[in-house]
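Subject: Structure handover

Hi,

Here is the structure I promised to pass on. My notes follow below it.

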Amino acid sequence: MGGNDTLNRYSLAVISHLLLVLAWYLFVELGHVPKFVLPSPMATVQALAVPNYRWVENIFATGAEIFGGYILAVVIGVGIALLFSWFRILEMLTMPLLVSLNMIPKVALGPLIIVWFRYGIGPNMGMAFAICFFPIVLTTVRGLRETEPELLDLVRTLKSSRWQIFTKIQLPGALPYIFSGMKVAAILAVAGAIVGEFLGSDRGLGYLMLQVQVTLDTAAMFMAVILITLLGTLLYGVVLGLERLLVVRDARIR
Amino acid sequence: MGEPFIHLADVRKIYRGRGGDFLAVSEVTFDVDAGELVSLVGPSGCGKTTLLKILAGLHSHEGGEVRIGSATQPFDPACDIGMVFQQPLLLKWRRIIDNVLLPAEILGLPTRASRARARDLLQLVGLNGAEDKFPYELSGGMQQRAAIARALIHDPRLILMDEPFGALDALTREKMNLELLRIWQEARKTIVFVTHGITEAVFLGTRVVVLTAGPARMADNFRVELPQPRTLDVRTSEKFGEYSRCIYRLLGME
């Protein structure tokens, strides 16, 4: 019964996606839509055959920006949140500053980043980092604070060390929150990397989109969007898989 | 009789706050022999939880004397106190047996012996077969049983319970009352049991301490001379009614 249910849900999800492709195909074919406005699904796939577009290289470039910036944000974001929970004074000093800095639209920094660092994979990684760093810090700080006071009473009567409280109660308790931040950030990281490429770069899927825009190769632009989406889906999937592995079902935040 | 296990004399606690001082506990004087089950009963704000925290060593007290243990049998708060709260406060990411083992881990007790003891305790509280389940797989009453097993794992001499069955439905609560009496008799512990249920206080207690609110002070403290082991028949006895009425009167409800 349960197995059948999930099977049905998966097949329905596949069907809805296929239906969208079918609707796209019919719309283009029956509506006689010009190719430069909306390419057909086949034309989109055919765009992959153009060797000049160097798909593989561009996928790897964008992938490196997304994953690199993201991993950096998770490591530094969680690390800073941990420091905050250990040193309250540091949090009180730095948190308001972070909140203010977060109000800066990261995209607006793009031209500056190019002036400071030239363009390339590194600065675009920085853009992805900047955009997904804050949600991770925020959710982790919140998760580390969420421990029930009575639970702390219980372990305090046992004269537990601060380290024990942290490793046995605070950190595992914060994991669901950390993952909820990581899921939000996974989506933001993709946007960050692509905006970076739009503003200045010499490779990547976003860069490719700007190149083919000139020749009105809409099919290639479509393909690029699909590949960017797949990269984002891959990152999200990895995070989801890690969450399944590390967080008990009941504790997950949906 | 020798020295009492717990000796409280004119204990008093004041919370100092911005809105002025607040008398949380006063005029509390009573002795408890080892192996007794003492009910602390009273309305909200009478200081029963505060008193429990003073006994647990989590709160200081301003006046009076608090002594637990004796010269011949010294009391070590770190390993001689087990606590049970209104919420089970089980760690969601740990299996039941690992939840029970938490205090043993914090105290650094030998792992294998503790595991064996945890299994025995789960048997004692009626949770055989639930060892490898996660908390969300158990009902509220079952979770509270696990919390009781956790309070017993390090073989403490004193168990402090703060309205442990307050969040359960009425029927489960009745059942847990009987279970607690059985566990108390088998484990041979001294239990201090905070409740605002008058019949619960009389039914469970070998001694009842009545606390009143506004101002918070102890109204009375008396032994409950009802036959042991207690059965549900006790509740319909004339003496049971007298004890209950006496508490109602002390709380100004008659």
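One definition before the findings: the expected span of a helix is 1.5 Å times one less than its number of residues. Keep in mind, too, that this is a predicted model.

Helix 6 of chain B is a good place to apply that rule. It has 13 residues, so it should span 18 Å, and its end C-alpha atoms agree with this at 19 Å apart. The helix is mostly covered, with ten of the 13 residues buried. Among the buried ones are Gln143(B), Gln144(B), Arg145(B) and Arg150(B). Ala146(B), Ala147(B), Ile148(B), Ala149(B), Ala151(B) and Leu152(B) are buried as well. What do these buried residues pack against? Their partners in chain B are strand 5, strand 6, helix 3 (96-100), helix 4, helix 5 (111-124) and helix 7.

Now the core. The largest nonpolar core has 77 residues. Those with the most contacts inside it are Leu40(B), Val100(B), Leu122(B), Ala149(B), Leu160(B), Val192(B) and Phe193(B). Helix 6 (residues 140-152) of chain B gives the most to this core, with six residues. A second core, separate from that one, has 51 residues. It includes Ala73(A), Met125(A), Ile131(A) and Leu208(A).

Back to Phe193(B). Leaving out residues up to four places away in sequence, Phe193(B) touches Leu37(B), Val38(B), Ser39(B) and Leu40(B). Phe193(B) also touches Met161(B) and Leu204(B).

Next, chain B as a whole. It has nine helices and nine strands. Its radius of gyration is 18 Å, close to the 18 Å that the globule rule gives for 254 residues, so chain B is as compact as a globular protein of that length. Along the principal axes, its C-alpha atoms fill a box of roughly 50 × 45 × 40 Å. Of its 254 residues, 42% count as buried. Among contacts in chain B with a separation of 6 or more, 73% come from residues 24 or more positions apart.

On to domains. Chain B is divided into domain 1 (1-68 + 158-254) and domain 2 (90-156). Their centres, taken over C-alpha atoms, are separated by 26 Å. How many residues are in contact between domain 1 and domain 2 of chain B? Twelve from domain 1 are in contact with ten from domain 2. On the domain 1 side, strand 6 (158-162) and helix 7 (170-187) of chain B each give two or more residues. Helix 7 has the largest share there, six residues. By class, that side has nine nonpolar, one polar and two charged residues.

Chain A has its own assignment: domain 1 (1-33) and domain 2 (38-251). The C-alpha centres of these two domains of chain A lie 29 Å apart.

Last, the contact between the chains. It takes 20 residues from chain B and 18 residues from chain A. Which elements give two or more residues to the chain B side? They are helix 2 (77-80), strand 5 (81-84) and helix 4 (102-107) of chain B. The largest share, five residues, comes from helix 4 of chain B. The residues on this side divide into 16 nonpolar, two polar and two charged.

Best wishes

Methods
Residues numbered from 1 in each chain as written. Chains lettered and ligands numbered in written order. Predicted model: local features only at pLDDT ≥ 70, side-chain atom pairs only at ≥ 80, totals over all residues. Helix = DSSP H or I, 4+ residues; strand = E, 2+ residues; numbered from the N terminus. Rg over C-alpha atoms; globule rule 2.2 N^0.38 Å. Buried ≥ 20, exposed ≤ 12 C-beta atoms within 10 Å, placed from the backbone. Contact = placed C-beta atoms within 7 Å. Domains from an automatic or database assignment. Core = buried A, V, L, I, M, F, W, Y, C linked by C-beta atoms within 7 Å. Nonpolar A, V, L, I, M, F, W, Y, C, P; charged D, E, K, R; others polar.
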